[in-house]
Amino acid sequence: MAHRAGSADLPLHGGRVPKWLGDRMTRLGTVITQAIVHEYGRDELLRRLAHPFWFQSFGAVMGMDWHSSGITTSVLGALKRGLTPLSGGRYSLWGALLAWP
């Protein structure tokens, strides 16, 4: 097993994600999520979202600063905006994921 040592400086950030970035994150996150579900299934998507390193990387790919304190809120908000319409607007984010074919 690898020995881990070191530290990271993860500052808290104030404010909101700019609209242009939120829109980009919504579009990109939706397409990536659809691709993962199509190729590997819904259970694999949920497994990946639950993995902290994968989730942090996913947020960075979507456009968030890798060490931003708002990455969880921003990523989940973008997925909610992108995936809820795909469920016909009937479900919350997690309901949309669970009900999605």
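**Helix packing in an all-helix model**

Of the 101 residues in the protein, 35% are buried. I should say at once that this is a predicted model. The protein has five helices and zero strands, so that, read from the N terminus, the order of elements is α-α-α-α-α. As for contacts in the protein between residues at least 6 apart in sequence, 56% of these join residues at least 24 apart.

Allow me to turn to helix α2, which spans residues 42–50. Which of its residues are buried? They are Glu44, Leu45, Arg48 and Leu49. These four cover an arc of only 135° around the axis, and therefore lie on the same side of α2. In general, an α-helix has 3.6 residues a turn, so residues three or four places apart point the same way. On the other side of α2, Asp43 and Ala50 are exposed.

My second topic is the packing of helix α1, residues 19–40, against helix α4, residues 71–83. Their axes are 8 Å apart and meet at an angle of about 70°. Because angles of 65 to 115 degrees count as roughly perpendicular, α1 is described as roughly perpendicular to α4. The crossing of α1 past α4 is right-handed.

Which residues make this contact? From α1 come Gly22, Met25, Thr26, Gly29, Thr30 and Thr33. Helix α4 contributes Ser74, Val75, Ala78, Leu79, Arg81, Gly82 and Leu83. By character, the residues of the contact of α1 with α4 comprise five nonpolar, seven polar and one charged.

Terms used
Residues are numbered from 1 along each chain as its sequence is written. This is a predicted model: local features need pLDDT of at least 70, side-chain atom pairs count only at pLDDT 80 or more; totals for chains, interfaces and linings use all residues. Side-chain values use heavy atoms; hydrogens and water are left out. Buried means under 20% relative accessible area, exposed over 50%, partly exposed in between (1.4 Å probe, protein chains only). Helices (H or I, at least four residues) and strands (E, at least two) are DSSP runs, numbered from the N terminus. The arc is that of the directions from the helix axis to the C-beta atoms. Axes are lines fitted to C-alpha atoms, for helices over the stretch in contact, and angles run from 0 to 180 degrees between N-to-C directions. Angles under 35 degrees count as roughly parallel, over 145 as roughly antiparallel, 65 to 115 as roughly perpendicular and the rest as oblique. A crossing is left-handed if the near helix is turned anticlockwise from the far one by less than a right angle, and right-handed if clockwise. Contact means heavy atoms within 4.5 Å. Ala, Val, Leu, Ile, Met, Phe, Trp, Tyr, Cys and Pro count as nonpolar, Asp, Glu, Lys and Arg as charged, and the others, Gly among them, as polar.
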